[in-house]
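Let's take a stroll through a protein model together. Have the chain open beside you as you read.

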Amino acid sequence: MQAASAIVAHSLAVSRRQYLVWRKIIWASMTTNVANPILFLFAFGFGLGAVIDDMAGLSYLAFVVPGMMAYSAMFAASFETTIGAYSRFNLQRTWDAVLA
């Protein structure tokens, strides 16, 4: 019983730390996740879209935007999880501190 309460206490401490780190980097993360799709929209949607007329009966912009939305969601999700895990594991050595 005591081991279970220790596990819960340590889990809450690690979760609190992760939350505090997240609060510090939320604006950088949100800026990147908003700016990246907008950049690609201008580059591919309007830049390349000026050269290409139609794709399978749709305008090029209507053809490209759903794919950009899917790409943006997948990239944001994978980047946010992998960079956090990498930095905490390799750079900050948080995993070593948890095990100590």
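What follows is a short tour of the helices, the aromatic rings and the surface.

This is a predicted model, where local features need pLDDT of at least 70, side-chain atom pairs count only at pLDDT 80 or more, and totals for chains, interfaces and linings use all residues. Residues are numbered from 1 along each chain as its sequence is written, and side-chain values use heavy atoms, with hydrogens and water left out.

**The helices**

Let's begin with helix H1, which covers residues 2-48. Helices (H or I, at least four residues) and strands (E, at least two) are DSSP runs, numbered from the N terminus. H1 has a kink of about 55 degrees, centred on Ile 25. That bend at a residue is the angle between axes fitted to the seven residues ending there and the seven starting there.

Which residues of H1 are buried? They are Val 21, Ile 26, Ser 29, Asn 36 and Gly 45. Here, buried means under 20% relative accessible area, exposed means over 50%, and partly exposed is in between (1.4 Å probe, protein chains only). The buried residues of H1 pack against H2, with contact meaning heavy atoms within 4.5 Å. Helix H2 spans residues 60-91.

Trp 22 also lies in H1, and at 46% relative accessibility this residue counts as partly exposed. Ile 38, another resident of H1, is partly exposed too, with a relative accessible area of 41%. For something outside the helices, look at Ala 50, in the loop between H1 and strand S1 (54-55). Ala 50 is exposed, at 63% relative accessible area.

**Along the chain and through space**

Here are some residue pairs, with how far apart they sit in sequence and how far apart their C-alpha atoms are.

| Pair | Apart in sequence | C-alpha to C-alpha |
|---|---|---|
| Trp 22 and Gly 84 | 62 residues | 9.4 Å |
| Phe 79 and Asn 33 | 46 residues | 9.7 Å |
| Ile 38 and Ala 62 | 24 residues | 15 Å |
| Ala 50 and Phe 40 | 10 residues | 14 Å |

**Aromatic rings**

A pair of aromatic rings is described by the distance of the centres and the angle of the planes. Rings of Phe, Tyr and Trp (its six-membered ring) pair if their centres lie within 6.5 Å; planes under 30 degrees apart count as stacked, over 60 as edge-to-face and the rest as tilted.

How many aromatic pairs does the structure hold? There are six. One of them is Phe 40 with Phe 44, a stacked pair at 5.7 Å centre to centre and 10 degrees between the planes. These two are four residues apart in H1, so about one helical turn separates them. Both are partly exposed: Phe 40 has 28% relative accessibility and Phe 44 has 38%.

Phe 40 also pairs with Tyr 71, this time edge-to-face, at 5.3 Å centre to centre and 65 degrees between the planes. Because Phe 40 lies in H1 and Tyr 71 in H2, this pair ties together parts that are 31 residues apart in sequence. Phe 40, Phe 44, Tyr 71, Phe 75 and Phe 79 form one aromatic cluster.

**A nonpolar patch**

Now turn to the surface. Tyr 71, Phe 75, Phe 79, Ile 83, Tyr 86 and Leu 91 form a nonpolar patch there, with about 550 Å² of accessible area together. Patches are made of residues with over 30% relative accessible area and no salt bridge, joining like charges within 9 Å and nonpolar side chains (Val, Leu, Ile, Met, Phe, Trp, Tyr) within 5 Å. A salt bridge is a side-chain nitrogen of Lys or Arg within 4 Å of a carboxyl oxygen of Asp or Glu. The areas come from the Shrake-Rupley method with a 1.4 Å probe; for residues, only the protein chains shown count as cover.

Among the patch members, Ile 83 is in H2 and is partly exposed, at 37% relative accessible area. Phe 79 is found in H2 as well, and its relative accessible area of 34% makes Phe 79 partly exposed. Tyr 71 is partly exposed at 33%.
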